[in-house]
Every structure is written in C-alpha cells, then in structure tokens.
Amino acid sequence: AAAKKLVVDLGVADHVRFVPRLNQPDLQRSIEDADLVADQFDQGTPGILALQTMATGRALSIHWDEFSSLFAYSTVPPVLNGNDEDVLYQALGGCASRDELQALGKAGYDWVCREYDRRKLCERLRLSVSLVTGIPMSR
C-alpha cells in the first residue's frame, strides 16, 4: 500500500505497473516488457528476480549490500541501489530517460555474463568446498 501511494504522490502512476505473483513464463514476459524492474528493498542480497532481470538486459532497482556482495562477486553490480525513499528517488532521477535505463540494463547484462562465467563459478565452488571441508580442492 505504501509503495502504491508513493507512486501516486510522485506523479508516476501511469508509468508503474504492480504485478501479482507470476509463473515463470509470465514473469519473463513482464521483465522483457519493462524498462526498469524494482526488486526488494530490505534484504540487501539479490535473488533470482534480480539476476534474471539483469540477464534479460533490463535495468534493476534494488537494495544490494555492496560490502557483502564483494565476498561473492568481483565488482558491485550496476543497479539503482537503495533502501529508502530519498536514495531511490535520487537514483531514479539519474535515469530519467529510456536510453539511460537501457544503458543500465546493458551494463547489468554484461556484469551477469562476467560474474557467472563458467570458470569463475567453478573456482568459487572449489573455494567454497575447501573452506567448508578444510580440504584443498585439486583441479
């Protein structure tokens, strides 16, 4: 309710669509139809929706804990990052045009491709198993 009120108060209700829980094919179509996907703003970590949005090449607005993400990723992702109204309002103001949102979406796509490279994932898995078991993993 608060998010819908904020959208009306900001005068952007004609440009925002709230969607109910969707099955995967409908979710993917909704992401592809969007210029910007807004994910969660309280957890600080990405879920499947965030990664799917960036892999689709769409701009993402989310609360992404940058410090914690550096334990899992080599760089902080290119997202509109924030967890309160003022920060998000400022971030959205910086992407006032569709071209800017498309550029952010392209940067997100490139980031996902780099961070989820097969070799990089194998090395992370190898390191994680070694940390948990205390046994170095051979190649």
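**A walk through the chain**

Let's start from the outside: the accessible surface of the chain comes to about 9,500 Å², and 57% of that belongs to carbon and sulfur atoms. Keep in mind as you look around that this is a predicted model. The C-alpha trace spans about 55 × 30 × 30 Å along its principal axes. Of the 139 residues in the chain, 27% are buried.

Now for the layout. You'll find seven helices and three strands here, and if you read along the sequence they come in the pattern α-α-β-α-β-α-β-α-α-α. How do distant parts of the sequence meet? Take the contacts with a separation of 6 or more: residues 24 or more positions apart account for 42% of them.

A good place to zoom in is helix α3, which covers residues 48-55. Its axis and that of helix α6 (residues 98-115) come within 7 Å and cross at roughly 110°. An angle from 65 to 115 degrees counts as roughly perpendicular, so that is how α3 sits relative to α6. On the α3 side, the contact is made by L51, M54 and A55, while α6 brings in G105, G108, Y109, W111 and V112.

Stay on α3 and pick out T53, which lies in this helix. Is T53 buried or exposed? T53 has a relative accessible area of 0%, and since buried means under 20%, T53 is buried. Setting aside residues up to four places away in sequence, T53 touches I31, V37, R58, A59 and L60.

Next to T53 in the numbering is Q52, also placed in helix α3. With 11% relative accessibility, Q52 falls under the 20% cut-off, so Q52 counts as buried too. Not counting residues up to four places away, Q52 touches Q24, L27, Q28 and I31.

One of those partners, Q28, takes us over to helix α2, residues 24-33. Q28 and Q52 are 24 residues apart along the chain, and their C-alpha atoms are separated by 8.1 Å. Besides Q52, Q28 is in contact with T56, once neighbours within four places in sequence are left aside. Q28 has a relative accessibility of 22%; partly exposed is the range between under 20% and over 50%, so Q28 counts as partly exposed.

Finally, back out to the surface. There, L10, V12, V16, F18 and Y89 form a nonpolar patch, with about 430 Å² of accessible area together. One of its members, Y89, lies in helix α5, which runs over residues 85-93.

Note on methods. Residues are numbered from 1 along each chain as its sequence is written. This is a predicted model: local features need pLDDT of at least 70, side-chain atom pairs count only at pLDDT 80 or more; totals for chains, interfaces and linings use all residues. Side-chain values use heavy atoms; hydrogens and water are left out. Patches are made of residues with over 30% relative accessible area and no salt bridge: like charges are joined within 9 Å, nonpolar side chains (Val, Leu, Ile, Met, Phe, Trp, Tyr) within 5 Å. Accessible areas come from the Shrake-Rupley method with a 1.4 Å probe; for residues, only the protein chains shown count as cover. A salt bridge is a side-chain nitrogen of Lys or Arg within 4 Å of a carboxyl oxygen of Asp or Glu. Helices (H or I, at least four residues) and strands (E, at least two) are DSSP runs, numbered from the N terminus. Buried means under 20% relative accessible area, exposed over 50%, partly exposed in between (1.4 Å probe, protein chains only). Contact means heavy atoms within 4.5 Å. Axes are lines fitted to C-alpha atoms, for helices over the stretch in contact, and angles run from 0 to 180 degrees between N-to-C directions. Angles under 35 degrees count as roughly parallel, over 145 as roughly antiparallel, 65 to 115 as roughly perpendicular and the rest as oblique.
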